[in-house]
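Here are some notes for a colleague who is opening this structure for the first time. They are meant to be read with the sequence and the model side by side.

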Amino acid sequence: MKVYQIQVGNMQNFTYIVEDEDTRVAIIIDPSWDLVELELIIKRNNLKIKYIVNTHHHFDHTIGNEVMVESTKASIIQHESSELKHDIKVKDGDFIEFGNSKLKIIHTPGHSKDSICLTGDGKIFSGDTLFVGNCGRVDLPGGSAQELYHSLFDVLYSLDDNLILYPGHNYGQSEISTIGQEKTTNLVMQKRTEQQFVEMMG
Ligand SMILES: [Fe+2]
């Protein structure tokens with residue numbers, strides 16, 4: 001699985017193109033801005049885009065959907081609780097298959113109700129659930145510090161330390177990290193009670 005990480009727009013968003021190298025079938029995660037650059041990568045590498053996957057419904061992760069659907073004819077995948085336009089609904093534990101590759105969906109509400117992470121091949125795409133050195137905000141509609149606590153500590157914390165973390169924004173000291181590194185150094189991943197976490201996020 002080959003990952004193209006593209007920083008786009010003015011909010012330090014990351015769009016990803018993830019390629020199954022056997023077949024050149026690929027997915028786009030969170031298209032928003034700088035779509036010409038995505039088109040160039042797709043063309044240069046002769047990629048066939050099967051799906052557009054949104055880690056959650058916020059506009060800075062989805063505003064490029066329609067344009068990319070037009071040029072790639074891909075189907076849009078979102079969590080079943082999303083109210084935005086999409087073709088395929090996924091829930092926790094589902095797999096997305098493209099070429100000989102697959103990624104598992106992990107539902108991680110907290111930043112938003114429909115937040116998902118995608119994991120497979122030693123990687124995790126974490127959207128706005130977990131950043132390098134921080135986590136997503138919880139003060140937007142559908143956000144919940146309690147839910148994010150459980151997503152971080154009951155779900156992400158128990159994953160393989162070696163997973164390479166590909167976040168939804170470039171907010172940290174590096175573009176990528178690992179789950180193990182974040183468990184050690186990320187302020188929000190330090191052991192706290194739920195109440196302490198909620199107070200910190202407030
Ligand atoms: Fe967001």
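The points below go through a sheet, a helix, two loop residues and a pocket.

1. Please keep in mind throughout that this is a predicted model. A good place to begin is the open sheet, in which six strands follow the order S7-S8-S9-S10-S13-S14 with mixed pairing. Its edge strands are S7, which covers residues 95-98, and S14, and each of these pairs on one side only.

2. Two of the pairings within this sheet can be followed residue by residue. Strand S10 (residues 123-127) runs parallel to strand S13 (residues 164-167), with four bridges between them, and along this pairing Gly127 is found opposite Pro167 of S13. On the other hand, S13 and strand S14 (residues 177-178) are paired in the antiparallel sense through two bridges, and here Ile164 has Thr178 of S14 opposite. As background, strands of a sheet pair through backbone hydrogen bonds, in either the parallel or the antiparallel sense.

3. Is Ser126, a residue of strand S10, buried or exposed? Ser126 has a relative accessible area of 0% and therefore counts as buried, the cut-off for that class being under 20%. When neighbours within four places in sequence are left aside, the contacts of Ser126 are with Ile116, Cys117, Leu165, Tyr166 and Pro167. Asp154, by comparison, is separated from Ser126 by 28 residues in sequence and by 15 Å in space, taken from C-alpha to C-alpha.

4. Helix H3, made of residues 145-155, has as its buried residues Ala145, Leu148, Tyr149, Ser151, Leu152 and Phe153. Looking down the axis of H3, one finds these buried residues within an arc of 165°, which means that they line one face of the helix. As for what this face meets, the buried residues of H3 pack against strand S11 (130-131), strand S12 (134-135) and helix H5 (194-201).

5. Two loop residues deserve a look at their backbone angles. Arg24, in the loop that joins strand S2 (13-20) to strand S3 (25-29), has a positive phi of about 65° although it is not a glycine. Its relative accessibility is 41%, so Arg24 is classed as partly exposed. Asp34, which is placed in the loop between S3 and helix H1 (35-44), likewise has a positive phi, of about 55°, without being a glycine. With a relative accessible area of 38%, Asp34 is also partly exposed.

6. Which residues are closest to the centre of the largest pocket? This pocket holds about 210 Å³ of space, and of the 13 residues lining it, His111, Asp128, Arg137, Leu140 and His169 are the closest to its centre. Taken by class, the lining consists of six nonpolar, four polar and three charged residues.

Methods. Residues numbered from 1 in each chain as written. Predicted model: local features only at pLDDT ≥ 70, side-chain atom pairs only at ≥ 80, totals over all residues. Heavy atoms only, no water. 1 Å grid on protein atoms, 1.4 Å probe; cavity = no way out; pocket = protein on both sides within 12 Å on 5 of 7 lines; lining within 4 Å. Points joined across faces, edges and corners; volume = space filled by probe spheres on them. Nonpolar A, V, L, I, M, F, W, Y, C, P; charged D, E, K, R; others polar. Pairing = 2+ DSSP bridges. Buried < 20%, exposed > 50% of the residue type's maximum accessible area, 1.4 Å probe, protein only. Arc of directions from axis to C-beta. Contact = heavy atoms within 4.5 Å.
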